[in-house]
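Please examine the sequence and the three-dimensional structure shown below. The explanation then leads through the fold, region by region.

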Amino acid sequence: MTSDDAVERLRAAGCVFADEEARLIAEAAGADAGTREALLRRRLAGEPLEVVVGWAEFAGLRIPVAPGVFVPRRRTELLARLAIARTPRAGTVVDLCCGSGAIAAAVAHARPDVTVIAADIDPRAVALASGTLAAYGATAVVSDMDGALGALHGRVDLVASCPPYVPSARIALMPREAREHEPRIALDGGLDGADLQRESLAAAARLLGTGGVAVVETSEDLASLTLQMAEAAGLVAVVERDADLGATAVVASR
């Protein structure tokens, strides 16, 4: 199979960036033509490219990804950037709903002075994140929000969270590669999309010390509701946006 053949097959399957995808698949496969064909077929069958090649680019890092774990989105780099900028020296950061650990890895990489703990309810995600974060001196634990983090209550400087925020009824409208290949638990935000945001903000209110900050990813449609929920949790909140990333976040301070 030539590179041109792979590009044409990807393009025929609707891959907009077929040239780049073919290059990344070839890189992941190395010199083994059989492996290259197997990876290509997985991509043509609808698997996310990141899962096929085994990593996602995030904040300048290659974050390992695996089947059954949410693939980090580039828009979430806004949360990592906010966390890096807003955490005081030698502070403590908690990444709730960490998935593959992308936010935690970006913060730990940029701020080696900071203690970073990632948490997720899904043991598969935590196992993946743990392997990634070990290289940066950070850790990951299985926890339903702050359920296993009681020792940190009132002691955290920054909580970053990218909880699922797609309303349940809109899951069916998501791209095929997300709805068929990513765990529903990492996509479904409940009836209004805000169920896990509510829980994240409530957990942040328990974790944060005086002057602490929570940064929570949201959508433009949900931003006003996320803001209201932060204020209901006793936090002073504003909305931050990054037009280039198409990202929206609520920044809430104690």
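The paragraphs below treat the sheet, the helices, selected residues, a pocket and the cysteines in turn.

This is a predicted model, in which local features need pLDDT of at least 70 and side-chain atom pairs count only at pLDDT 80 or more, whereas totals for chains, interfaces and linings use all residues. Residues are numbered from 1 along each chain as its sequence is written, and side-chain values use heavy atoms, with hydrogens and water left out.

The description begins with the sheet. Helices (H or I, at least four residues) and strands (E, at least two) are DSSP runs, numbered from the N terminus. Two strands are taken to pair if DSSP finds at least two bridges between them. On this basis, seven strands form an open sheet of mixed pairing, in the order β5-β4-β3-β6-β7-β9-β8. Its edge strands are β5 (139-142) and β8 (236-242), each of which pairs on one side only. Neighbouring strands of the sheet are turned by 20° against each other on average, direction ignored. Axes here are lines fitted to C-alpha atoms, for helices over the stretch in contact, and angles run from 0 to 180 degrees between N-to-C directions. In general, strands of a sheet pair through backbone hydrogen bonds, either parallel or antiparallel.

At one edge, β4 (residues 115-120) and β5 run parallel and are joined by four bridges. Ala 118 has Ala 140 in β5 as its bridge partner. Helix α7 (residues 123-134) packs on the sheet and touches β4 and β5, its direction making about 170° with that of β5. Contact means heavy atoms within 4.5 Å. Helix α6 (residues 102-110) lies across β3 (92-96), β4 and β6 (156-161), and runs at about 175° to β4.

At the other edge, the pairing is antiparallel: seven bridges join β8 to β9, and six bridges join β7 to β9. Val 239 has Val 250 in β9 as its bridge partner, while Ala 214 stands opposite Ala 252 in β9. The hairpin of β8 and β9 has four residues between the strands, and Gly 246 takes a positive phi near 65° there. Residues are called buried under 20% relative accessible area, exposed over 50% and partly exposed in between (1.4 Å probe, protein chains only). Strand β9 is mostly covered, with six of its seven residues buried.

Helix α5 (residues 77-86) also contributes buried residues, namely Glu 77, Leu 78, Leu 79, Ala 80, Leu 82 and Ala 83. These buried residues of α5 pack against β1 (55-58), α6, β6, β7 (208-218), β8 and β9 (247-253).

Three individual residues show how separate parts of the chain meet. Leu 10 belongs to helix α1 (residues 3-12) and counts as buried because its relative accessibility is 0%. Beyond its neighbours within four places in sequence, Leu 10 is in contact with residues including Cys 15, Ile 25, Leu 40 and Arg 43. The C-alpha atoms of Leu 10 and Arg 43 are separated by 8.1 Å, although the two residues lie 33 residues apart along the chain. Ser 100, in the loop between β3 and α6, is likewise buried, at 2% relative accessibility. Its contacts outside the neighbours within four places include Ile 63, Phe 70, Leu 128 and Thr 132. Glu 27, in helix α2 (residues 18-29), is partly exposed, since its relative accessibility is 39%. With neighbours within four places left aside, Glu 27 is in contact with Trp 55 and Arg 62.

The second largest pocket is lined by Ala 13, Gly 14, Cys 15, Arg 43, Leu 44, Gly 46, Pro 175, Arg 176 and Glu 177. Helices α3 (33-44) and α8 (176-181) are the elements that give two or more residues to this lining. A pocket is an open set of points on a 1 Å grid over the protein atoms alone, where a 1.4 Å probe fits, with protein on both sides within 12 Å along at least five of seven lines; lining residues have an atom within 4 Å of a point.

Finally, how many disulfides does the model contain? A disulfide is a pair of cysteine sulfur atoms within 2.5 Å, and by this rule the count is zero. Cys 98 is in no disulfide, the nearest cysteine sulfur being that of Cys 97, 8.3 Å away. The sulfur of Cys 162 is 8.1 Å from the closest cysteine sulfur, in Cys 97, and so is too far for a bond. Cys 98 is buried, at a relative accessible area of 8%, and Cys 162 is buried at 15%.
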